Structures are given as structure tokens and as C-alpha cells.
Amino acid sequence: MLNHSLLHPKSIVVVGGSNDVQKPGGAVLRNLIEGKFKGKLYVTNLKESEVQGITSFRDPSLLPEADLAIIAIASKFIPETVKVLANTKNTKAFIILSAGFSEEGEEGRKLEHEIVDIVKSANAVLIGPNCIGVLTPDYHGIFTKPVPMLDPHGCDFISGSGATACFIMEAGIPNGLKFANVFSVGNSAQIGVEEILEWLDENFDPEQSSRVKLLYIENISKPQMLLKHASSLIRKGCRIAAVKAGSSEAGSRAASSHTGAFASPDLAVDVLFRKAGIVRCYGRQDLISVASVFMHPQLKGKNIAIITHAGGPAVMLTDALSNNGMAVPKIEDPAAQDLAAALFPGSSVANPIDFLATGTAGQLGMIIDYCDKIFGDIDGMAVIFGTPGLNRVFDVYNILDEKMRSAGKPIYPILPSVMMAREEISEFIKKGRVFFPDEVVFGNALARVFNTPAPASYSEKIRIDTPAIRSIIDASPDGYLAPAAIQGLLDASGIPRAGEAVVTGREEAVKAALSLGFPVVMKVVGPVHKSDVGGVVVNVRDEMTVLKEFDRMIRIRDTHAVLVQPMLAGTELFAGAKLEPGFGHIILCGMGGIFIEVFKDVAAALAPLSEKEAFAMIRSLKSYKIIQGARGHKGVNEDAFAGILIRLSALLQAAPEITELDLNPLLGDENTIRAVDARIRIMRGR
Ligand code: ADP
Ligand code: MG
């Protein structure tokens, strides 16, 4: 947990402060001085009595008390220094910039642990080591540049990489993006991204706190903590965007089921972010663009008016928006004709609203007013306005700023002339505005923000037979469950399945087939992939065939019994789950057959699943139209499918030992859906 000494220190000591601003100890001191830190500032330096005009002590033991220590000396000297400060100088916060810790090997790891122990026993906090520091409106405790404009309502930014933090700020500053607090967590020895989010959540102040949080994460070590505090912050009105780097790990590692193959660790990040309501980004520009969208009022609907003086960018933006689930609706309001009459001949008011290269500031103001107050089916405006170098556009950007202040709907400024209108843009930014240099990058970012669902809330009370589930799990050994256990689990969870019988003798097989009713399906019990070993025969119509197939199947390797099921008809669907350590169970669903094999059309979500999430999963499938019924084919009962997903989720909550579960296929029609093949694997002590 962060503390007051870290966030609002009254005194700071730079341990290893230097006159050389090319060294971290010199640069951080320079930034603190330039940032006009209002409290007391001290330095320790072995040789100097004054450094950059600040009183310097040769030894930490000679220092007065200091709330926060920013440390830039060699790693091996740090534990001793921290001990002195923590025990005798009442120092409750440490930022260690130095490297040479766990990132370098065993020695460093020990050193790091030693420091964490000292810090913990003093009830203090530690940021780093191996980081660029912390930046708050109170003090500039980083050793790098740029130092962005700090504004309590700018972005709170937490980064797992120091250099990347610099580059992200560098990408955002020219667009007018401001920052509130910046934390570089380095090795996260004590405080990581999750702990900072926790603090931001628990100390959120609706008046004072920033509502935009940006994260650059390399490791999610506490996914549930991230989920908890990110979704809580979003529910309090914050917006969060995050880059999770290192996502390309060979996803489909060898797994025994479809679910296993699809549920890569990166998918886990995806489903975690979606459940939390975090907008996932994939690079610096991406993060900056989404952050810039966040800096504007929240868009209430998907209909955008594009207001432009140049055709090309408007067309590209129309494409970007329409291809991503947003709309640029034709404006059919009769009042549009009044607007057209006030513009130059040749202007178009259909949307995009093109008021030509000669369009004026006054006309822009008028168009915005029409879109804001008169045209009912417009939710937001994107204004594209640059200059080909013929005239200045100060007046246009002034009007834009005024309207952004007064309009009820969000207005997004796309200002492409970053060279020719540099001064105008700079004036615009000085008014506190953020702009977008590129319309397509903007369009994609806006759509991503709009399409990210609100944090999921779970309150389903599905009735399942938990005691029955527990007794089956507790009686089963680790590994793949036997057919009887699987049947028991599905029945206890209320997941419909085909009737079936497991037989070990040929006469018994015939009896089972007769009682289930021909035609039947026969399957080997034992092999994991039954079809692959010739272990599934469908449409068995008579006793002779049952006997023949039984004799053949029972000799297939690893087979110890034969399963007989009635032959069912229906559309093939699948549902499954996989345990991703730390994250929990990822639930997947889709249509069976080529839809997963070829099109990889799979929807995923993190358990536990709400009804809303279950339906959202089904509706996000590319093959959803087939589930609904298309081109003369009857569809599948969507409620029943969602019900199975929710029951599956409840089963996983009752039996967290399940590491993999596959219902593949489920056969469904417009009335019912039933599982005809289920595979469940359990593992204790995870
Ligand atoms: P595996 O996945 O181990 O190969 P399945 O039990 O899924 O074995 O059977 C393979 C295929 O046979 C299924 O995908 C489905 O198309 C068909 N099938 C299996 N059981 C039935 C059944 N009871 N009714 C109709 N078709 C079935
Ligand atoms: Mg199967």
C-alpha cells in the first residue's frame, strides 16, 4: 500500500545526489529542483558538502529526518542506507532508481529481498528498484525526461518499464495529453501495478482524483487483484486503458482439448481486461489515442457526425468507424436544409458534413450547433480541420475550443496539420485541449473505447447440486474423469446430456442399444481422442452391427469399455473451460466442426459468468447468425446455450479442481441442447 510519505513528502533526500546531470543521481535532483519541490530537499554524497546548490551530507546518519528517500547509489550499499534511514530518520518511503537487483540474478535477488524486509519491518513503502521513479504534482522524482505537464485531472500512469514510460509520455505530450501521477514500478519488489491500483481505488476522491488510468504491464502477477480494483475504479467513474506486453507466446501449446488449445495466456489477459472493463491497447500510439479519447466527455451512443473541410480524411474516418461497429448516419433532419443554405454552395450536409476548403470558423460553429442541439440522432462529433498552408486557422481552433466547452455532446478534434498549423495547435493545447493527429487512429481508438463493455457484475444464483459435485470430485483421482463421474457432474449442474450406457460385454452392449433405442452411437472408453483411433461409430442401426463394432472397439488400445448413446440430430456447438493459473477459469464457446477447426470462431470470458456475459459471448461469435437460424436452416435455442454456459461456470465454482473441461460437441436445435461428448480433467493442489 502506498503512503503519505511517498505521495506528499514534506522532505526528500536524494541518496547519491550528483552535480553530473547525466547520472541518475544528478538528473533526479535537477528534476526535483526544476519541479520546484516545496518541502525540504537534502542530498547525500560521499565527497561534496553542496550539490546543485543543495546541502549535502557525507553520510546518511548525519541527515535530518526525511519522509522520502530517492536512492541512486550502487546496489550493494543500499540495504545499509535503507536501514539507517528507516530506523533513525523516520523515512517511510523509498524510491530506488539503481539497478543491480533481481533482474541481474541470484545475488541481486537476495539484496532485493533484504531491502524489502527492512522496508516492511519499518512499515515503509518501496518503489523499484530499477525504475525511473515517481512523478506527482508535488514532486518530480524521476531521473528521466520528458517531464510532462502535471495536472491533477491528467492521466495516472503506472508503468512496468521505465524507458517505455518515457516514450509513452513523449508520444502523448505533443498531443496535449497531461499526467497526474506517474509511477514506474521497476522490479516491483514490494509495490507493483496491482498495489498502486489498489491504492488509487481505495483512496479515490470523486472531486480530486484523476479519472483516467493508463497501464503498461509486462507481468500480471496478481490478476484477481487487478480485476478487483480496475473494475471498482471504473464503477466509480474512471476509465482505464492498458498495454500488456509479451502477449505473443506460442498460444496453442500442446493441449488435449480444443479449449486447452484456444485458451492461451494472452486470451487470459483479454478476458480479464474485458471483465474489468479495461480498454486493451497494443502499443504506445494506441494507448495515447485511447487516453486522448478518455480526456473527452463519455460518448453515449454510436452515431458520429464527421465535420470536415477536406473529403479524404472524412472518408477514411467513415470507414474506420463503420468497420468497427460505429455509425456515420445520413442526416435526414429537415433542418439540414437550413444549415446547407448557410454554407457555401457545394457544401454537403449529409454526413460527413463537408463545408469545403474555404469553410470558415463561423460556419464550423454553426455546424456544431446544429449537430449538438438540432440533429437528434447524433451522439458525438469528429471535427477534421487542418490547413494546406494558405491561411492561418487560429479563429477556427478558437471556435472549436469554445464549442467543446459549451456543447452537450463530445467533440473530438482531429488536427492533421501538425507542421503547417503548429502554432495554432500549440495555442489550442495551451487551453488544456487534447487533439488527434490522425483520423483513422482516432476512429479505431474511439470504437475500441465504445465497444469495451462496462465491468461485469456477478450476481447469478444458479441452483446446482454442490454437495453431489463435491462428493464426485472428492472421490475421483487426478486426471481425466471416468464416464460415470462426468455424467454425475453434468447432472448435478443441470447440463443436459444424451442418455448413455457404459458396457464391458457384447451382450450388455446389445441390451443397452435396445433400451436406448436404435440408431445408436458407440464410442470407446479410455482413449482421449476417440475419433482419432477409430473409436466412434455413429448411426448403428441393428444388433449385428453392435456386436461387430463391440468386438472391434474393445481391442483398440487403452479401451476398457464401450459407451452406447442414442444417435441425436442437431447443430454442433461446443463449450469448454480451462484453468489459467492465477486468473481462474476461462470459459469458451462456439459452434463445432469447421467453425472452430478452420475459422477459429471462439468466444471467451473469465469465470464466474453472468447471464449478460454468457449472451454477449454467444452474440460475439462470427457464426452467431447460424445460431439464430439462417437461409432456411433452423437455429439453436440461444437461451439454452447461455444456460449451459452459466451452469458450466457454476460447476467450475463448485469444483475449482477442474483444469480442463470440454463439451464437444453439444447437439442443439431450436428446443434443446444436449452434450454428447464430455471430457473433464481435474488436478488438486493448484
Ligand atoms: P471425440 O471427440 O473423442 O472424437 P465424440 O464423442 O465427440 O468423440 O464423437 C465424434 C463425433 O461424432 C462428434 O463430433 C459428433 O459429430 C458425432 N457424435 C458423437 N456422439 C453422437 C451422438 N450421440 N449423436 C450424434 N452424433 C454424435
Ligand atoms: Mg468430441
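**Exercise 1.** In this predicted model, work out how far apart the centres of domain 1 and domain 2 are, and what sort of contact the two domains make.

*Solution.* Start with the spacing: taken over C-alpha atoms, the centres of domain 1 and domain 2 are 27 Å apart. To place them on the chain, note that domain 1 covers 4-130 and domain 2 covers 148-286, with domain 3 following at 304-451. Next, count the residues that touch: 16 from domain 1 meet 11 from domain 2. Then look at the area. The pair buries about 950 Å², and 59% of that is on carbon and sulfur atoms. Finally, check the polar side: there are 0 salt bridges between domain 1 and domain 2, but 8 residue pairs are in polar contact.

**Exercise 2.** Find out which elements of domain 1 build the side that touches domain 2.

*Solution.* Go through the elements that supply at least two residues each: these are helix 1 (4-7), helix 4 (106-121) and strand 7 (125-127). Now pick the top contributor, which is helix 4 with 4 residues. Sorting this side of domain 1 by class gives 10 nonpolar, 3 polar and 3 charged residues.

**Exercise 3.** List the closest residues around ligand 1 and pin down some polar distances.

*Solution.* First the neighbours: ligand 1 has 19 residues around it, with K523, S531, Q565, E572 and D677 the closest. Now the distances. The side chain of K523 puts an N or O atom 2.6 Å from a ligand 1 oxygen. For E572, a polar side-chain atom sits 2.3 Å from an oxygen of ligand 1. L568 uses its backbone instead: an N or O atom there is 2.9 Å from a nitrogen of ligand 1.

Terms used. Residues numbered from 1 in each chain as written. Chains lettered and ligands numbered in written order. Predicted model: local features only at pLDDT ≥ 70, side-chain atom pairs only at ≥ 80, totals over all residues. Heavy atoms only, no water. Domains from an automatic or database assignment. Contact = heavy atoms within 4.5 Å. Buried area = accessible area lost by both parts, 1.4 Å probe. Salt bridge = Lys/Arg side-chain N within 4 Å of Asp/Glu carboxyl O. Polar contact = N/O pair within 3.5 Å; in protein donor to acceptor, adjacent residues only side chain to side chain. Nonpolar A, V, L, I, M, F, W, Y, C, P; charged D, E, K, R; others polar. Near = heavy atom within 4 Å.
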